[in-house]
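Biologist: Could you walk me through this one slowly? I would like to start with the charged side chains and then move on to the strands.

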Amino acid sequence: MKKEVYRAESRGHANYGWLQTNYSFSFADYYDPRRIRFGALRVLNDDTILGGGGFPLHSHADMEIVTIPFEGALEHKDTLGGKGVIRAGDVQIMSAGSGITHSEFNHPKEEAVRLLQIWILPEKENIAPSYDQKKFDLTGRKNKFQLVVSPRHKDALFINQRAYFSLGEFEKDKKISYELFEKENGIFLFVVEGNIRVLDETLLKRDALGVFGTSALQIEASHNSSLLIIEVPNV
């Protein structure tokens with residue numbers, strides 16, 4: 001088994017005024033040769049977008065882009081006619097495929113948007129681009145993992161990769177077992193809030209753990225904790 005701890009304070013950081021962000025992997029002006037990607041997981045940005053701020057029209061190709069908001073509301077528009085507003089409890093996915101241009105804006109000036117933006121390398125390139133979003137029942141992740149993104153489960157958003165995203169909210173002292181959907185995959189465990197113990201490591205808020213070579217993880221919540229698991233192939 002191979003594991004690596006990613007401490008919150010070790011991430012890259014950027015302040016664009018309207019955007020405060022932390023980078024788990026090399027992105028934009030932040031470059032660390034030790035932090036390029038974890039398997040098919042290429043980007044995990046922890047963004048705070050101030051009121052009135054946002055990303056103007058820009059283009060992507062051959063990338064699966066997942067957005068998970070925790071506070072506020074973000075409006076999406078793209079050149080394919082896709083549009084929507086995502087809020088806490090929603091998950092958004094965009095398959096950039098052969099090419100898509102889009103914008104993301106936080107229009108209300110009085111409230112910041114806090115979200116994770118995650119990029120996954122696709123399984124198939126040059127596919128037709130697409131956009132989707134879904135609201136998930138938050139009770140479905142109480143003291144268990146709720147699958148929100150998958151290549152093969154109808155209740156989850158579809159992704160063009162053998163990748164699986166699961167969210168969970170766990171009470172203090174809760175013990176959790178996560179079993180991989182595909183045993184060859186790796187697990188990237190990200191602590192959104194709280195404090196957990198896993199594989200003899202203590203992970204705090206915004207810490208992460210990357211693991212290859214195991215079929216399951218045993219996790220104990222030392223405090224009330226919110227977790228994201230991204231399961232990806234080692235491409």
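Biologist: Which side chain does Arg 114 meet in a salt bridge?
Modeller: Keep in mind that this is a predicted model. In it, the side chain of Arg 114 meets that of Glu 71 in a salt bridge, with 3.0 Å from N to O. Arg 114 belongs to strand 11 (residues 113-120) and Glu 71 to strand 6 (residues 64-71), so the salt bridge ties together parts of the chain that are 43 residues apart in sequence.

Biologist: And are those two buried or exposed?
Modeller: They fall in between, because Arg 114 has a relative accessible area of 34%, and Glu 71 has one of 41%, while buried means under 20% and exposed means over 50%.

Biologist: OK, what about Arg 206, which side chain does that one meet?
Modeller: Arg 206 forms a salt bridge with Asp 46, at 2.8 Å from N to O. The two come from distant parts of the chain, 160 residues apart, since Arg 206 is in the loop between strand 19 (201-204) and strand 20, whereas Asp 46 is in strand 4 (residues 41-49). Both Arg 206 and Asp 46 are buried.

Biologist: Which residues are linked with them in a network?
Modeller: The network of salt bridges links Arg 206 and Asp 46 with Arg 11, Glu 193 and Lys 205.

Biologist: How many salt bridges are there?
Modeller: The count comes to 14. One of these joins Glu 123 to Arg 162, whose closest N and O atoms are 3.7 Å apart. Here too distant parts of the chain are linked, with Glu 123 in the loop between strand 11 and strand 12 (130-135) and Arg 162 in the loop between strand 14 and strand 15 (164-170), 39 residues apart. Glu 123 is partly exposed at 46% relative accessible area, and Arg 162 is also partly exposed, at 29%.

Biologist: Changing topic, in what order do the strands of the open sheet lie?
Modeller: The open sheet has seven strands in the order 1-20-17-22-15-13-14, and their pairing is mixed. Strand 1 (2-6) and strand 14 (157-158) are at the edges, and because each has a single partner strand, one side of each has no neighbour in the sheet.

Biologist: How many bridges join strand 1 to strand 20?
Modeller: Five bridges join them, and strand 1 runs antiparallel to strand 20 (residues 208-212). As an example from this pairing, Glu 4 has Gly 210 in strand 20 as its bridge partner. In general, strands of a sheet pair through backbone hydrogen bonds, either parallel or antiparallel.

Definitions and conventions: Residues numbered from 1 in each chain as written. Predicted model: local features only at pLDDT ≥ 70, side-chain atom pairs only at ≥ 80, totals over all residues. Heavy atoms only, no water. Pairing = 2+ DSSP bridges. Helix = DSSP H or I, 4+ residues; strand = E, 2+ residues; numbered from the N terminus. Salt bridge = Lys/Arg side-chain N within 4 Å of Asp/Glu carboxyl O. Buried < 20%, exposed > 50% of the residue type's maximum accessible area, 1.4 Å probe, protein only.
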